[in-house]
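Trainee: Could you take me through one helix of this model in close detail, and then place it against the rest of the chain?

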Amino acid sequence: MSDNKSKKQLFGTNGVRGVIGESMKPELAMKIGLSLGTARKGKIAVGMDTRTSGPALINALKAGLLCAGCNVIDTGILPTPALQYLVKKHYNAGAMVTASHNPPEYNGIKLIEADGTEMDDTETIKVENILLSESFKCGDWKNVGSETHADDANNEYINGVLSHFPGLSANMTIAVDPGSGPACLTTPVILSRLGCTVHTINGSCDGMFPGRLPEPSVEGLKGLSELVRSTGAAFGVAHDGDADRAVFVDENGDYVEENEEFALMQRYFSKGTKNGIVVTPVSTSRIVEDIAKDTNCRVVYTKVGSIYVARKMLELKKNGENVVFGGEGNGGLIFPEHQHCRDGGMSAAAMVALLSSEKKKLSELRKELPERVMLRDKIYTEKPGEVIEKIKDMFSNENLDLTDGIRINRKDSWTLLRPSGTEPFMRLFVEAKNRKTAENFSEEIKNSI
Ligand code: MG
């Protein structure tokens with residue numbers, strides 16, 4: 001691939017990540033601070049999730065930013081979308097110390113632009129080039145920056161989320177699993193202030209993650225499901241390690257597949273609109289097309305990665321389009337009225353609004369969605385480019401989409417084959433109305449390779 005996404009050396013789709021003491025060290029964090037401080041001037045906000053290595057990295061990051069002459073605002077422990085919200089409102093850029101859903105031994109840094117979105121590929125490559133060539137600018141004694149603290153950061157974010165639900169007072173019981181991450185400080189407060197009775201599991205900030213890993217997997221959420229059943233909650237909500245994603249279990253404690261979550265929210269937020277647009281990557285379920293048809297909307301597809309979705313939403317809005325909803329089929333939802341990034345706290349609040357409005361149980365709403373079966377697989381290869389060319393030739397008389405990898409669209413099914421960004425395999429997604437068709441389509445692709 002010759003696009004900018006693959007030109008990045010240090011930064012992946014969501015920033016720099018690595019195991020502490022191995023590929024992620026304070027030296028690297030300081031250089032990222034120096035590089036970001038050279039590329040961006042003014043007030044830079046920094047924050048972190050609850051990982052044990054957070055303080056070591058954030059102090060190194062701040063040292064670099066200060067030396068480059070930036071004024072640093074330390075917002076402490078907060079969700080990534082909270083930092084993005086604050087940067088959009090007050091600052092020139094931001095840097096979040098987090099490894100999102102990765103295991104506890106990882107940490108990383110995400111860069112945030114003044115509009116609150118994650119830095120795009122082109123700008124990230126510029127920061128990388130400063131870092132790799134060590135061409136940072138370090139100020140003299142009169143030009144080093146100053147440091148202040150934003151003590152009210154989480155509260156400002158909470159108020160920002162709540163401002164989208166004026167008058168909503170739901171008499172609902174909800175179970176919350178913030179996974180010992182920064183949402184311990186936000187999501188229970190948001191839901192309580194919406195009038196809900198909140199029960200939590202893994203509700204204290206703890207970088208040892210004693211209850212479950214930062215990825216909110218079906219296996220890891222067994223405790224949440226039990227809490228939902230024992231308290232009679234309307235639903236349970238859980239976050240990944242930096243709470244930009246939210247996943248749900250229904251009132252029976254059953255996991256709501258993330259594409260279903262997307263579809264329910266899409267339907268709710270596009271109700272009553274005309275010529276609305278929904279933006280999502282090519283890997284999302286075709287349920288979004290069905291819902292779009294029912295609600296007079298159309299779907300615009302992007303490459304896989306929330307920054308591509310967020311930037312496409314902004315671009316369409318600038319062109320005067322009515323962008324009603326966006327996000328990914330992995331629990332990362334984007335609410336354009338609020339901000340152009342995934343927001344887990346906002347997703348939790350939106351589910352309260354949705355259930356209050358629909359007056360049905362979450363399990364009943366799930367049953368209303370069209371049935372689809374999605375299969376995911378990995379295909380190991382060192383030469384993904386050649387595989388894609390081969391598939392392109394073999395299926396040249398079909399409806400192909402080359403937005404990211406190769407997608408073959410058929411009447412009631414589709415398949416997507418795309419290279420992994422970091423490892424020698426390709427991801428294969430196949431979706432159909434029933435398992436048999438999906439399995440046959442999957443076999444057809446595998447046999448062709
Ligand atoms: Mg995350």
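Mentor: What follows starts with the helix and then turns to a metal site, a strand residue and the domains. Because this is a predicted model, local features need pLDDT of at least 70 and side-chain atom pairs count only at pLDDT 80 or more, while totals for chains, interfaces and linings use all residues. Residues are numbered from 1 along each chain as its sequence is written, and side-chain values use heavy atoms, with hydrogens and water left out.

The helix is α5, residues 121–133, where helices (H or I, at least four residues) and strands (E, at least two) are DSSP runs numbered from the N terminus. Its 13 residues should span 18 Å at 1.5 Å a residue, and the end C-alpha atoms are 18 Å apart, so the two agree; the expected span is 1.5 Å times one less than the number of residues. At the N-terminal end, aspartate 120 acts as a cap, with a side-chain oxygen 3.3 Å from the backbone nitrogen of threonine 122. Just after α5, glutamate 134 has a positive phi of about 50°.

Within α5, Asp121, Thr124, Ile125, Val127, Glu128, Ile130 and Leu131 are buried, a term that means under 20% relative accessible area, with exposed over 50% and partly exposed in between (1.4 Å probe, protein chains only). An α-helix has 3.6 residues a turn, so residues three or four places apart point the same way.

Elsewhere in the chain, the magnesium ion is coordinated at 2.0 to 2.2 Å by Ser100 (OG), Asp240 (OD), Asp242 (OD) and Asp244 (OD); donors are N, O and S atoms within 2.8 Å of the metal (3.2 Å for Na, K and Ca), and since water is not among the atoms, sites may look incomplete. Along the sequence these donor residues follow the spacing S-x139-D-x1-D-x1-D. Of the aspartates, Asp240 is buried at a relative accessible area of 1%, and Asp242 is buried at 0%.

Valine 97, in strand β4 (residues 93–97), is likewise buried, with a relative accessible area of 0%. Its C-alpha lies 6.5 Å from that of aspartate 49, although 48 residues separate the two in sequence.

As for the wider layout, the chain is divided into domain 1 (4–152), domain 2 (172–255), domain 3 (258–343 + 355–367) and domain 4 (373–448), with bounds from an automatic or database domain assignment.

Notes:
Polar contact = N/O pair within 3.5 Å; in protein donor to acceptor, adjacent residues only side chain to side chain.
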